[in-house]
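Me: Please take a close look at one part of this structure, the surroundings of the bound ligand, and explain it step by step for someone in the first year of study.

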Amino acid sequence: MVAARITVNGKEAPIAPAAPHTTVLDFLRERGLTGTKEGCAEGECGACSVLVARPGVNKPTDWVPVNACLVPVAALDGQEVVTSEGLATVEAPGTPPVLHPVQEEMAVRGGSQCGYCTPGFVCSMAGEYYRPDRCAHAEQGPDTGEGTDGNDGADAEHGPNGFDLHALSGNLCRCTGYRPIRDAAFAVGAPTDEDPLARRREQAPPAPVATEYRQDDSAFVRRDTLAETLRLLRERPDAVVVAGSTDWGVEVNIRSRRADCVVAVDRLPELRELRVESDHVEIGAALTLTEIERRLDGTVPLLAQLFPQFASRLIRNGATLGGNLGTGSPIGDSPPVLLALEASLVLADADGEREVPLAEYFTGYRQSVRRPGELIRAVRLPLPLSPVAAFHKIAKRRFDDISSVAVAFALDVEGGTVRKARIGLGGVAATPVRALATEAALEGRPWTSGTAEAAAEVLRGEGTPMSDHRASAGYRAAMLGQSLLKLYAQTTEAVPS
Ligand SMILES: Cc1cc2nc3c(=O)[nH]c(=O)nc-3n(C[C@H](O)[C@H](O)[C@H](O)COP(=O)(O)OP(=O)(O)OC[C@H]3O[C@@H](n4cnc5c(N)ncnc54)[C@H](O)[C@@H]3O)c2cc1C
Ligand code: FES
Ligand code: FES
């Protein structure tokens, strides 16, 4: 096997002597690329954002910003990374670098004061700058005022150049204030034909390479196929499986967890398929949430409601459904949604596959029916979908926060009667749960305020919510009831013209 290597700003470098748990952030800084900053080391601030060349959604390659503090550098064996230093170009030896358009706009619009957050902001901004659909929007030229709201789809969160401000939702700035940063984001144009990173998108991304990176007694391993990975997991049931590392990276940095053997599954082709069949949708467990969001493009409305409320774009660029379900967390955001969608999980081990309804998957706090050596290969959603669907995440902040309570609804209402109700809850028990009593209180009844109020009372009694630093038990129970009343209001109140 070839020694592990990574290409940073166009130059190849060996990963050794970094430890298998060394993050991309520490690796870059050790090599003098100190533009990439550490603010929190837990995915919350974006100061460490860098761009990685990944399989694209609309082009062969996308430049995807990720949190360098969470990803082990060994996970990027054979891959290409661009840091804030690599965005600028040197046109002739000895001349100062020419700023990248996003750096230029940040400078001239006063988007940087102390500058600590700036390299992370420009990497996240560059990711959005190169997003193909944004480029198409920017190429159409300046605002013509012909959109339905008179500004071509621009609003407080979307620029006239198609820039989606949520691309920066994982980046924090403590001193500049966000208006000049937004001004810079909304001012960038489309990349020119000569732009090397824009041209790079037209070629395939680096293929994943098998990796066996060892230092002392620990190893980071990536196999080419699912079958090889499952054989390895049979031999090493103690191994820690990682996909996007957005959970595991926090464990390593904040709780100092180490593993003798870490096995990467994020580039396994068998875990990266997405298929919409006549009777079900199958979503690979190692697709990132951003990939699922962009590839499904609203096909599953309840998932479309989930994604913007899940962490930040930076985290969603790494996070997977396999990881969210794999942790077994009772406050993960995808389980309530997937429970309402009646999802099942395709579990695979060296002996074969089995399909388990998600409602039967969790068995206790961070416990599940998944056996040692078994992986989540895919999530299956039966079709057709229930037409009335909503995901309510109750958290202290609107974006980039962990749920206090999360509720997902999927209802069939025909002729004014609730024919079927599926409700998934998070944050009210040791596991994500279905609100079975509330479902029974709704099914067969007219969809009226009386039914909604009676069912909301039942919903307040579901689960065994706890009091903790996020919310009290009473608040959690109250929010459950409010959530159903909100759904009723959303589905029945006339929208003011
Ligand atoms: C700043 C921040 C904000 C966050 N916000 C949210 C949020 O709003 N909502 C939310 O729900 N979560 C949130 N999270 C948690 C995390 O992002 C999610 O749980 C994410 O889905 C994990 O996916 P991953 O691929 O990164 O998992 P990883 O960290 O790679 O893996 C986590 C664990 O899952 C298991 N695993 C991974 N893939 C598989 C598989 N295919 N089969 C079996 N087991 C597997 C492994 O045991 C592994 O140890 C946040 C995390 C951070 C750092
Ligand atoms: S250092 Fe804060 S997100 Fe990485
Ligand atoms: S410029 Fe100082 S933290 Fe953003």
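Reply: A good place to begin is a single contact, in which an oxygen atom of ligand 1 is 2.7 Å from an N or O atom in the side chain of Thr320. The model is a predicted one, and the distances given here are computed from it. A polar side-chain atom of Lys393 also takes part, lying 2.9 Å from an oxygen atom of ligand 1, while at Ala311 the partner is a polar backbone atom, 2.9 Å from an oxygen atom of the ligand. Taken alone, ligand 1 exposes 990 Å², and the protein buries 92% of that.

From these contacts we can turn to the shell as a whole. There are 33 residues around ligand 1, and those that come nearest are Ala243, Thr246, Asp247, Thr320 and Asp333. By type, the residues of this shell divide into 15 nonpolar, 11 polar and 7 charged. The elements that give two or more residues to the shell are β8, α9 (248–254), α13 (321–326) and β16 (375–382), and of the elements α13 gives the most, with 4 residues.

It also helps to ask where the shell sits among the domains. The domain assignment of the chain gives domain 1 (5–86 + 204–264), domain 2 (101–191) and domain 3 (388–491). The shell around ligand 1 draws at least three residues from each of domain 1 and domain 3. As for domain 2, its centre and that of domain 3 are separated by 36 Å, taken over C-alpha atoms.

One of the contributing elements, β8, deserves a further look, since it leads from the ligand into a sheet. Strands of a sheet pair through backbone hydrogen bonds, either parallel or antiparallel. Here the sheet is an open one of 4 strands in the order β6-β7-β9-β8, with mixed pairing. Because β6 (211–215) and β8 (240–242) stand at the edges, each with a single partner strand, one side of each is left without a neighbour in the sheet. Neighbouring strands of this sheet are turned by 15° against each other on average, with direction ignored. The pairing of β8 with β9 (residues 261–264) is in the parallel sense and runs over 3 bridges, and in this pair Val242 stands opposite Ala264 in β9. Thus β8 has two roles in this picture, as an edge strand of the sheet and as an element that gives two or more residues to the shell around ligand 1.

Methods. Residues numbered from 1 in each chain as written. Chains lettered and ligands numbered in written order. Predicted model: local features only at pLDDT ≥ 70, side-chain atom pairs only at ≥ 80, totals over all residues. Heavy atoms only, no water. Pairing = 2+ DSSP bridges. Axes fitted to C-alpha atoms, helices over the stretch in contact; angles between N-to-C directions. Near = heavy atom within 4 Å. Polar contact = N/O pair within 3.5 Å; in protein donor to acceptor, adjacent residues only side chain to side chain. Areas by Shrake-Rupley, 256 points an atom, 1.4 Å probe, with all protein chains shown as cover. Nonpolar A, V, L, I, M, F, W, Y, C, P; charged D, E, K, R; others polar. Domains from an automatic or database assignment.
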